[in-house]
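The exercises below are meant to be worked through with the model open, one at a time. Try each task before reading its solution.

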Amino acid sequence: MQQEILNRLNDMVERVLAGELLTEDEGRWLIRLDAGYLPQLMAGADRIRRHFRGEAVEACGISNVRSGNCSENCSFCSQSGHHKAATAPVYGYIAETDLVAQAQRLRSLGATDFGIVSKGWGVRGNKEKGKLQDYLANLREHSDIGRCASLGALDESMARELKAMGLENYHHNLECAESFFENVCTTHSYQENIDTIQAAQQAGMRVCAGGILGMGESLDQRVELAMTLRALNVESVPLNFLNPQPGTPMGHLPKMEPRECLHMIAVFRYLLPQAEIRIAGGRTHMRDLQAMIFYAGASGVMIGDYLTTAGRKVEDDLQMLRDLGVTIRGDTFQRRAQQAQEQATGLS
Ligand code: SF4
């Protein structure tokens, strides 16, 4: 039986390397593999990652530019104004100079992309637009770091406005499978998330969309999330592991075990072979095993602090990458050069 399982696993890896996409049923089989097969599962994920994404990885960072008292009721989030006992800091937009200083520091440490993250559900009004314009203009002037943002819902016209301001990547998580979403949020719909992703894509931005695992969803629902992301042609998939926050409806949930996190990263790599799978919030739950995320198929990592929780020291992350012999890739710069070339030759 053991050999039969290993043969099936190996066959899947070879098919993925040959360009085939695995089915949802195959994803359900992979996600239920006994933990004893984790080394073999990861070895396959590592081959797939190297084949489609290369040896180097992406590193990005974020700034939470406006926090707390959010109109939405996402059950995992301490910034929601609906969770009165939650303890996320509440503050308005930070100064442009602080944003630029954070971006420059992360860039000097090797990050290639930097996300402006604001609580709330979309860009509302000229004041907010003006602030974003200032942020993006300042980042553009004072750093060559890739410009990303996560601002909630967008329609295509707003997405085009942000692109014209200099935004390059848009982050908007689906958070979970559609069949689980009612447990996560009821103030906006899953369809609004999908519409936002598609609006950003249509405006010509690279989309970064993933989810949070460990919110009480089933294994099948994790596979469902991966299949939805694949159907949406999302290029970059951040995977977070729930960091249960006191005062939120999910504050009592247990943290995922490190080996389960590795297993999930590997399954997402098998199902999304070409995506940039980047590990974000909750990575520190993996303790020492976080050094194995790339061997499990991740091709990117968020460095620095997360939205409302502290990350590891950036210096420790960079030491981890050096110890692994992993270099940081500059996809953003390659894309810019390619776009400039296409514009010069009249292709876009
Ligand atoms: S996840 Fe975003 S939209 Fe949801 S409550 Fe938190 S800040 Fe608001």
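**Exercise 1.** In this predicted model, find how many bridges join strand E2 (residues 113-118) to E3, and in which sense, parallel or antiparallel, the two strands run.

*Solution.* Begin with the pairing itself: five bridges join E2 to E3, and the two strands run parallel. To fix the register, take Ile-116, whose bridge partner in E3 is Ala-149. Then follow the chain between the strands, where E2, helix H5 (residues 125-142) and E3 together form a β-α-β unit that is right-handed.

**Exercise 2.** Continue from E3 to strand E4 (residues 169-171), and establish how many bridges join them and through which helix the chain crosses.

*Solution.* E3 and E4 are joined by two bridges and run parallel. Within this pairing, Ala-149 stands opposite Tyr-170 in E4. The path from E3 to E4 leads through helix H6 (residues 156-164), in a β-α-β crossover that is right-handed. Ala-149 therefore appears twice in these two exercises, as the partner of Ile-116 and opposite Tyr-170, and it belongs to a strand that is largely enclosed by the rest of the structure.

**Exercise 3.** Explain why strand E3 (residues 146-150) is described as largely enclosed.

*Solution.* First sort the residues by direction: Gly-146, Cys-148 and Ser-150 point one way from E3, whereas Arg-147 and Ala-149 point the other way. Next apply the cut-off, by which a residue is buried when its relative accessible area is under 20%. The residues on both sides of E3 are all buried. Because five of the five residues are buried, E3 is largely enclosed by the rest of the structure.

**Exercise 4.** Examine strand E8 (residues 276-279) in the same manner, asking whether its faces are covered or open, and which strands pair with it.

*Solution.* Both faces of E8 are covered, since Glu-276 and Arg-278 on one side and Ile-277 and Ile-279 on the other are all buried. Strand E7 (residues 236-241) pairs with E8 in the parallel sense over four bridges, and in this pairing Pro-238 stands opposite Arg-278. Between these two strands comes helix H9 (residues 258-271), and E7, H9 and E8 make a right-handed β-α-β unit. E8 also pairs with strand E9 (residues 300-302), again in the parallel sense, over two bridges, with Ile-279 standing opposite Val-301 in E9.

**Exercise 5.** Determine where Asn-69 and Asn-233 lie, and whether each is buried or exposed.

*Solution.* Asn-69 lies in the loop between strand E1 (58-66) and helix H4 (96-108), and its phi is near 55°, a positive value in a residue other than glycine. Because its relative accessibility is 56%, Asn-69 counts as exposed. Asn-233 is found in the loop between helix H8 (219-231) and E7, and has a positive phi of about 55° although it is not a glycine. At 61% relative accessibility, Asn-233 likewise counts as exposed.

**Exercise 6.** List the residues around the ligand and divide them into nonpolar, polar and charged.

*Solution.* The residues around the ligand are Cys-70, Glu-72, Cys-74, Phe-76, Cys-77, Ser-80, Lys-119 and Gly-120. This shell divides into four nonpolar, two polar and two charged residues. For the record, the unreviewed UniProt entry carries the annotation "domain: Radical SAM core" over residues 52-283, a stretch in which the chain is 35% helix and 17% strand.

Conventions. Residues numbered from 1 in each chain as written. Predicted model: local features only at pLDDT ≥ 70, side-chain atom pairs only at ≥ 80, totals over all residues. Heavy atoms only, no water. Near = heavy atom within 4 Å. Nonpolar A, V, L, I, M, F, W, Y, C, P; charged D, E, K, R; others polar. Buried < 20%, exposed > 50% of the residue type's maximum accessible area, 1.4 Å probe, protein only. Pairing = 2+ DSSP bridges. Right-handed = clockwise from strand over helix to strand, strands pointing away. UniProt positions renumbered as here; feature names shortened; annotations may be inferred.
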